[in-house]
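Got the viewer open? Load the model, switch to cartoon view and keep the selection box handy.

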Amino acid sequence: GTPTVTGRYQVGIKYQSQRMTGPGYDLPGVPWVMYFYGDYAIHGAYWHSNFGVPMSAGCVNMVPSEAEFLYNWAPGGRKSTSAID
């Protein structure tokens, strides 16, 4: 019901760690979060290993170590150590 948007985007804001909540989920400490379109983000996912299978609320889930690499590589964005819950 919430497919990932397609297109070319820039990272707007980055968080090393953030709590993400929504209908049916409450995930503390989501690592390496990079918002690129509204509430859509690329981030590490520690709660599953089913990468390549649609299963998010539109975000792009990555292995945490790979998300960290991308977080450090991606230009732009304002970095923050944590988000306000």
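**Stop 1: Asn61 and its partner**

Start by selecting Asn61, which sits in strand S4, residues 60-62. Bear in mind as you click around that this is a predicted model.

Is Asn61 buried or exposed? Its relative accessible area is 16%, so with the cut-off for buried at under 20% Asn61 counts as buried. Now show side chains: the one on Asn61 makes a polar contact with the side chain of His48, at 2.9 Å. To see who else is around, expand the selection beyond the residues up to four places away in sequence, and Asn61 turns out to touch His43, Ala45, Trp47, His48, Phe51 and Ser56.

Hop across to His48, which you'll find in the loop between S3 and S4. Despite that loop position, His48 is buried too, because its relative accessible area of 13% falls under the 20% limit. What does the side chain of His48 reach besides Asn61? The backbone nitrogen of Asn50, at 3.0 Å. Outside the stretch up to four places away in sequence, His48 touches Met55 and Asn61.

**Stop 2: zoom out to the whole chain**

Go back to the cartoon and colour by secondary structure. You should count 1 helix and 5 strands, and walking from the N terminus they come in the order β-β-β-β-α-β. Colour by burial next: of the 85 residues in the chain, 35% are buried. If you like contact maps, take the contacts between residues at least 6 apart in sequence; 41% of those join residues at least 24 apart.

**Stop 3: the nonpolar cores**

Select Val11, Trp32, Met34, Phe36, Tyr40, Ile42, Met62, Ala67, Tyr71 and Ala74, and show them as spheres: these 10 residues form the largest nonpolar core. Which elements each supply at least two residues of this core? They are strand S2 (25-37), strand S3 (40-44) and helix H1 (64-73). S2 gives the largest share, with 3 residues.

Pick out Trp32 from that set. Skipping neighbours within four places in sequence, Trp32 is in contact with Tyr15, Gln16, Ile42, His43, Gly44, Pro64, Ala67, Glu68 and Tyr71. Apart from this core there is another, of 9 residues, including Ile13, Met20, Leu27 and Cys59. Give that one a second colour.

**Stop 4: the pockets**

Switch on a surface and select Met20, Thr21, Tyr25, Ala57 and Cys59. Of the 15 residues lining the largest pocket, these lie nearest its centre. The space in there comes to about 360 Å³. S1 (13-22), S2 and S3 each supply at least two residues of the lining. How does the lining of the largest pocket split by class? There are 9 nonpolar, 4 polar and 2 charged residues.

For the second largest pocket, with a volume of about 220 Å³, select Val53, Pro54, Met55, Ser56 and Cys59. Those are the closest to its centre among the 15 residues that line it. The lining here has 7 nonpolar and 8 polar residues, and no charged ones.

Keep Cys59 highlighted before you finish: it is among the residues nearest the centre of the largest pocket, among those closest to the centre of the second largest pocket, and a member of the 9-residue core. Ser56 and Met55 are worth a last click as well, since you have met them before: Ser56 is touched by Asn61, and Met55 is touched by His48.

Conventions:
Residues numbered from 1 in each chain as written. Predicted model: local features only at pLDDT ≥ 70, side-chain atom pairs only at ≥ 80, totals over all residues. Heavy atoms only, no water. Helix = DSSP H or I, 4+ residues; strand = E, 2+ residues; numbered from the N terminus. Buried < 20%, exposed > 50% of the residue type's maximum accessible area, 1.4 Å probe, protein only. Polar contact = N/O pair within 3.5 Å; in protein donor to acceptor, adjacent residues only side chain to side chain. Contact = heavy atoms within 4.5 Å. Core = buried A, V, L, I, M, F, W, Y, C linked by side-chain atoms within 4.5 Å. 1 Å grid on protein atoms, 1.4 Å probe; cavity = no way out; pocket = protein on both sides within 12 Å on 5 of 7 lines; lining within 4 Å. Points joined across faces, edges and corners; volume = space filled by probe spheres on them. Nonpolar A, V, L, I, M, F, W, Y, C, P; charged D, E, K, R; others polar.
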